[in-house]
Amino acid sequence: MSNAKIAKILRNVAAAYTIKKIGNIFQIRAYENAASTIEGLTAEIGDLWQEGKLSEVPNIGAKLQEHLNELLSTGKVKHFKSVQKGIPPVVFDLLDIPGVGPKTAQDIARMGVTDLADLRKKIKTGELVSKGFSPKIAQKVMLGLQSLDQQGHRMLLPYAAAQADKVLSYLKKSPDVIQAHPLGSLRRMAATVGDLDFSTSTRKSKSVVEYFCQMPGVVRIVDKGENKATVMLQNGVQADILAGEPESYGALLQHFTGSKSHNIHLRIVANEQGYSLSEYGVKKVRSEELIKTETEEELYHMLGMQIPPPELREDTGEIEAALKHQLPDLVNLRDIKGDIHLHSSYRIESPSHGPGVNPIEEIVKRAKELGYEYVGVSDHPPGFTSTSKEYTINWTKERTKFIQQLESRTKGIRVLNGLEIDILGDGSLSVPDEALAMLDYCIAGIHSGHRGAKEEITKRLLKALESPYVDIISHPTNRLINERESSEADWEKVFEVAAKNNKILEINAYPNRLDLRDDLVREALRFGVKFIINTDTHEVSQMSNMKFGVAVARRGWATKKDIVNTLDWTSFAKRFKIKE
Ligand code: DGT
Ligand code: CA
Ligand code: CA
């Protein structure tokens, strides 16, 4: 059972609780949070279950573990069934439409709609409206249906990487395979990946293709030729292989890395120089003579270019820059000196935000293992909306003391005291200034009303950027990949003010966020905006997601000097006005 399927089952339970008005808000949130967590996992939940590691997954409590155990061993859960009893199944399909909640879904079901196709028809023909359904809502539902179509089923990058690793280790076991690489959008580190692409260098293309098709987990061979094949895997992932001779492996790597638009442009450049490029090698157009390109480097050098890092190969100027030998020196994972958006299990009383799994001490230990010079814990504080001002101030005081004590007895790394607070509906902050003044740094983010009008979102962000206490804006667009679109805002204005006020925008490395998006990173750089790459970890193993955030920065053409957590401790402390 795929992670997406399990997440959907949990969301259905949350919806059923809401529809039947059973359970409380915390139970409903628990199911929703578990679903989001599972969607963002790198590993298959079924694998974790088999390895007895369900308890290590954040947001999955004891009761839920029991339910998942029943689900994965029997295929169904008695409790889920009883909760959903009496609700027409179509309601749960309708909930997949963006913008359709339990109430609208029920209204639509009551009109006799049987499935999504039927709904589409009944809106188009006007049947729904003629039966008394609100024309305004019908129009909204239609838009939702359209964006549902566009969503498709693209994999999150870390998930794709983990699945590709399995295929790759299988390929490398074949004695006929000289080299094997995962290519396509995965090598370019795009935020989502449509299908997996593999290249192999071999003297025996046909037998390698055969070997690939016999891989455990292949449920269907979609297409098979002499040197290539496409298969469908058990987990619903499609994988392509392209095999070639070692002498022209460079051309194969280049071709199958893409992107398509990069390739098309590169072929034009090659033609202008009298060459013809293809996945099979490089030829001189006149003589038809094949030129050896064992490596990708040889191929690009032959064209008189620098080698564009795969992350840049989207034909957005990298070919021109490479021809002029003016490619930027992109930031690298090894440049990163700290991670300061991390959630711990420190006592929080915030009904809308979940805590992390691990105590602060474990986070610090992991940060040391990663070789960081500093680490910052940024829990969600109790906000104005849930508690009194005095309570928040006292809570922050106590936590500050706790972290300062931990810092004073910790060697080899600096431990920083931060919080991730909310930018409220009117742009004000969820925590009083007296509390913010105690912190080493403050991250502020929008955590509600993401679908607000462009002007509203812009106003909220701009107001937060004017606060002297705010250092960083977390996950600025608030998109959740495959779930929620980016909020709309006047990004140019936001970037202009961020740069002017010396504020930092976060590149959030969490798998289904990767936010600020790569295209906006590039735009923000033009305004001189600085970034920080954080993992937004809720369980320590997620601290390894840093590389995916770095990939976003690279895809946005960012260099080391654009990213503040590449600074060493002394410079970082100065930047944040923290006592050294
Ligand atoms: P995806 O799978 O949608 O995430 O994106 P890609 O980039 O992995 O695309 P895919 O799997 O269709 O193809 C892999 C690479 O093969 C692509 O990045 C470039 C190359 N390629 C595919 N189709 C064409 C084409 O029509 N022309 C050229 N020149 N290259 C192509
Ligand atoms: Ca692909
Ligand atoms: Ca492909």
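For the helix pair I took each axis as a line fitted to C-alpha atoms over the stretch in contact, with the angle running from 0 to 180 degrees between N-to-C directions. I note at the outset that the model I was reading is a predicted one.

**Entry: a helix pair**

I looked up how helix H1 (residues 3-20) packs against helix H4 (residues 62-74), and found an angle of about 125° with the axes 12 Å apart. H1 and H4 are therefore oblique to each other, since an angle of that kind falls outside the ranges 65 to 115 and over 145 degrees. I also recorded that H1 passes H4 in a right-handed crossing. On the H1 side the contact is made by Ile-6, Ile-9 and Leu-10, and on the H4 side by Leu-64, Leu-68, Leu-71 and Leu-72. I kept in mind that an α-helix has 3.6 residues a turn, so residues three or four places apart point the same way.

**Entry: the calcium ions**

I next asked which atoms coordinate the calcium ion (ligand 2). Among its donors I found the O and OD atoms of Asp-195 together with OD of Asp-197, at 2.2 to 2.6 Å. The 6 donor atoms around this calcium ion (ligand 2) subtend angles of 68 to 165°, and I therefore entered the arrangement as irregular. Asp-195 also serves as a bridge between the calcium ion (ligand 2) and the calcium ion (ligand 3), and I noted a separation of 3.6 Å between the two ions.

I then checked whether these two aspartates are buried or exposed. Asp-195 has a relative accessible area of 22%, so I listed it as partly exposed, whereas Asp-197, at 9% relative accessibility, counts as buried because the cut-off is under 20%.

**Entry: Ser-199 and helix H14**

I placed Ser-199 in strand S4 (residues 196-202), and its relative accessible area of 0% makes it buried. Leaving aside neighbours within four places in sequence, I found Ser-199 in contact with Gln-179, Ala-180, His-181 and Leu-183, and also with Leu-242, Tyr-249, Leu-252 and Leu-253. From Ser-199 to Phe-531 I noted 332 residues in sequence and 35 Å in space, C-alpha to C-alpha.

Tyr-249, Leu-252 and Leu-253 turned up again among the buried residues of H14, and I followed that helix further. In helix H14 (residues 249-257), 9 of the 9 residues are buried, so I described the helix as largely enclosed by the rest of the structure. The buried set also includes Gly-250, Ala-251, Gln-254, His-255, Phe-256 and Thr-257. Just after H14 I found Gly-258 with a positive phi of about 70°.

Definitions and conventions. Residues are numbered from 1 along each chain as its sequence is written. Chains are lettered from A and ligands numbered from 1 in the order in which they are written. This is a predicted model: local features need pLDDT of at least 70, side-chain atom pairs count only at pLDDT 80 or more; totals for chains, interfaces and linings use all residues. Side-chain values use heavy atoms; hydrogens and water are left out. Donors are N, O and S atoms within 2.8 Å of the metal (3.2 Å for Na, K and Ca); water is not among the atoms, so sites may look incomplete. Four donors count as tetrahedral if all angles lie between 85 and 135 degrees; four count as square planar and six as octahedral if opposite donors are over 155 degrees apart and all others between 65 and 115; anything else is irregular. Buried means under 20% relative accessible area, exposed over 50%, partly exposed in between (1.4 Å probe, protein chains only). Helices (H or I, at least four residues) and strands (E, at least two) are DSSP runs, numbered from the N terminus. Angles under 35 degrees count as roughly parallel, over 145 as roughly antiparallel, 65 to 115 as roughly perpendicular and the rest as oblique. A crossing is left-handed if the near helix is turned anticlockwise from the far one by less than a right angle, and right-handed if clockwise. Contact means heavy atoms within 4.5 Å.
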